[in-house]
Amino acid sequence: RYLATYNSLTDKHLVGYFNNARIRRHLQRSGLISRSGRIIPEKEYRLNALRRDHQRYVQEFLARAIFHKVLDIERHHQLEIKQKLESSVRKERVQKVKVRLECS
């Protein structure tokens, strides 16, 4: 029962450990303490973690959407180039046939 409520961040015997600058920076980046050193309650920590996860998901989704849109635009551009080239080839063939008919 005691271990379920134990919080190492509030343990008086670990104050020296948690005052280490590297450890504090890690705890801040992990979202366990605020910049001022306030311990973030578990409920708030979980909410913040969910927000971060959701933000990461949205960013990945947008990145994928942008990537696929760029691919679609590039495919469309390549198709236009191909169609213009084919049209140009057809016009050239027609011109050659007209020249041959005029010469004969």
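Visitor: In what order do the elements of the protein run from the N terminus on?

Guide: Helices and strands here are DSSP runs, numbered from the N terminus, with H or I over at least four residues for a helix and E over at least two for a strand. In this protein the elements run α-α-α-α from the N terminus on. The tally is four helices and zero strands. The radius of gyration is 33 Å, well over the 13 Å that the globule rule gives for 104 residues, so the protein is more spread out than a compact globule. That radius is taken over C-alpha atoms, and the globule rule is 2.2 Å times the number of residues to the power 0.38.

Visitor: Before we go on, what kind of model is this?

Guide: It is a predicted model, in which local features need pLDDT of at least 70, side-chain atom pairs count only at pLDDT 80 or more, and totals for chains, interfaces and linings use all residues. Residues are numbered from 1 along each chain as its sequence is written, and side-chain values use heavy atoms, with hydrogens and water left out.

Visitor: What box do the C-alpha atoms fill?

Guide: Taken along the principal axes, the box is roughly 105 × 30 × 20 Å. Contacts add to this picture, a contact being heavy atoms within 4.5 Å. Of the contacts with a separation of 6 or more, 12% are between residues 24 or more positions apart.

Visitor: How many of the 104 residues count as buried?

Guide: Buried means under 20% relative accessible area, exposed means over 50%, and partly exposed is in between (1.4 Å probe, protein chains only). By that scale, 9% of the 104 residues count as buried. The protein exposes about 9800 Å², and carbon and sulfur atoms supply 57% of that area. Accessible areas come from the Shrake-Rupley method with a 1.4 Å probe; for residues, only the protein chains shown count as cover.

Visitor: Let us look at one residue. Is Phe18 buried or exposed?

Guide: Phe18 lies in helix H2, residues 15-18. It counts as buried, at 13% relative accessibility. Leaving aside neighbours within four places in sequence, Phe18 is in contact with Ser8, Leu9, Ile23, Arg24 and Leu27. Take Ser8 from that list: Phe18 and Ser8 are ten residues apart in sequence and 9.3 Å apart in space, C-alpha to C-alpha.

Visitor: What happens at the start of helix H3?

Guide: Polar contacts are useful for reading such places: a pair of N or O atoms within 3.5 Å, where within protein one must be able to donate a hydrogen and the other to accept it, and residues adjacent in sequence count only if both atoms are side-chain atoms. At the start of H3 (residues 21-30), a side-chain oxygen of Asn20 comes within 2.8 Å of the backbone nitrogen of Arg22. Just after H3, Gly31 has a positive phi of about 85°.

Visitor: And where is Ser34 placed?

Guide: Ser34 sits in the loop between H3 and H4. It is buried, with a relative accessible area of 17%. Its side chain and that of Ser36 are joined by a polar contact of 2.9 Å. Setting aside neighbours within four places in sequence, Ser34 is in contact with Gln28 and Ile40.

Visitor: How many salt bridges does a search of the whole structure find?

Guide: The criterion is a side-chain nitrogen of Lys or Arg within 4 Å of a carboxyl oxygen of Asp or Glu. The search finds six. One of them joins the side chains of Arg38 and Glu44, at 3.4 Å from N to O. Arg38 is partly exposed at 42% relative accessibility, and Glu44 is partly exposed at 30%.

Visitor: Which residue forms a salt bridge with Glu60?

Guide: Arg64 does, with the closest N and O atoms 3.9 Å apart. Glu60 and Arg64 are four residues apart in helix H4, so about one helical turn separates them. Similarly, Arg75 pairs with Asp72, the closest N and O atoms being 2.8 Å apart. Those two are three residues apart in H4, again separated by about one helical turn. Arg75 is exposed, at 53% relative accessible area, whereas Asp72 counts as partly exposed at 41%.

Visitor: Which residues form a nonpolar patch on the surface?

Guide: Patches are built from residues with over 30% relative accessible area and no salt bridge; like charges are joined within 9 Å, and nonpolar side chains (Val, Leu, Ile, Met, Phe, Trp, Tyr) within 5 Å. Here the patch consists of Tyr57, Val58, Phe61, Leu62, Ile66 and Val70, with about 590 Å² of accessible area together. Phe61 is found in helix H4, residues 42-103, and is partly exposed at 47% relative accessible area.
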